[in-house]
Amino acid sequence: MGMAVLVAGGIIACTLGSNVLGSAFTTSRASNAMVTDIQPRSFIATNKDLARDVSVRSRQRKYEIREHYREPIKMGMMGTKAGMTTYYDEEGIAHPVTVIALEPGNVVAQVKTKESDGYDAVQLAYKECRERTIPWPERQHLRKHGGIKAMKHLKEFKISDVSSFEAGQQLKAEELFTVGDLVDVSGTTSGKGFQGSVRRWGMKRGPMTHGSKSHRQHGSIGSSATPSRVLKGLKMAGRMGNERKTIKKLPVMLISDEDNYIAVRGSIPGKKGTIVEIRPTKLVGTHV
């Protein structure tokens, strides 16, 4: 039994035979006598096998790369913003740096583990103070873990391995960081008070002359009919600053345990006297 179909100026002849597995398609062009034999069943089976192998290999490759590039999260420390200055390197290039003072403190107050607390972390105590200036429970907490003097600030640092830390241990900056390391500095930004939309969000002002009465006003805040309300998240006037911010990937330019300071290139949140946290930079996909 035979059947012929005309497709785009050519003739496709289909022949079915009982002694042949599958269907054999013979294509003949009217312009040139070119014949092509295709066996669809064997071709599809081959493609399935290849796709299965590729998927398995890709999963193994992703797993190996993920395990190879993972690095542990290292310990950080606390400091106090002292101010900014200019640092000239050996080539005479000027770098704007922020000096972070290391006041008395940075003592391990508690070591938390997965067995006792459900996660691994090291709690630091920073900045010595008079005992009567901190709450009684906090005072007893410091006495219980290592007999530490009264400290004003307590902060946890979640890290991968806490086996090398113990309560009462004094941390040194030169043991945690070296010149050239990248660090993330977190702190509270300077408060600016209640500010308008021009300063807070950088909006444009209106005309200042020709009878304009809309100089630094906000302008329209929504439609009257639809949706007949102010949409959430609209940028308007309000309190500016006094927020927790993190500046990432700041290179360490200078470090000294003798003079108790760390100098990083660039600016950090807050004003002079702001308590900041210094951590080794955590790269997404690199650290666990």
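Mentor: A residue is called buried when its relative accessible area is under 20%, exposed when it is over 50%, and partly exposed in between, using a 1.4 Å probe and protein chains only. The model is a predicted one, in which local features need pLDDT of at least 70 and side-chain atom pairs count only at pLDDT 80 or more, whereas totals for chains, interfaces and linings use all residues. Residues are numbered from 1 along each chain as its sequence is written, and side-chain values use heavy atoms, with hydrogens and water left out.

Trainee: Why does E156 count as partly exposed?

Mentor: E156 has 24% relative accessibility, and because that value falls between 20% and 50%, the residue is partly exposed.

Trainee: What makes the contact between E156 and K112 a salt bridge?

Mentor: The term asks for a side-chain nitrogen of Lys or Arg within 4 Å of a carboxyl oxygen of Asp or Glu, and the N to O distance for E156 and K112 is 2.4 Å, so the pair qualifies. E156 lies in strand 9 and K112 in strand 7 (strands are DSSP runs of E with at least two residues, helices runs of H or I with at least four, both numbered from the N terminus), so the bridge ties together parts that are 44 residues apart in sequence.

Trainee: Is K112 buried or exposed, and how do you know?

Mentor: K112 is buried, because its relative accessible area of 13% is under 20%.

Trainee: How do you know that K127 and E103 form a salt bridge?

Mentor: Their closest N and O atoms are 4.0 Å apart, which satisfies the limit of within 4 Å. K127 belongs to strand 8 (residues 121–128), while E103 is in the loop between strand 6 (94–101) and strand 7 (105–112), so this pair joins parts 24 residues apart in sequence. K127, with a relative accessible area of 28%, is partly exposed, and so is E103, with 26%.

Trainee: How many salt bridges does this rule give?

Mentor: The count comes to seven. K245 and E243 meet in one of them, at 3.7 Å from N to O, and K155, R244, E277 and R279 are linked in a network of salt bridges.

Trainee: Which residues of helix 3 are buried, and why are they said to be on the same side?

Mentor: In helix 3 (residues 136–144) they are E138, R139, H141 and L142. They cover an arc of only 160 degrees around the axis, which puts them on the same side of helix 3; the arc is that of the directions from the helix axis to the C-beta atoms. The face turned away from this buried side carries the exposed residues P137 and K144.
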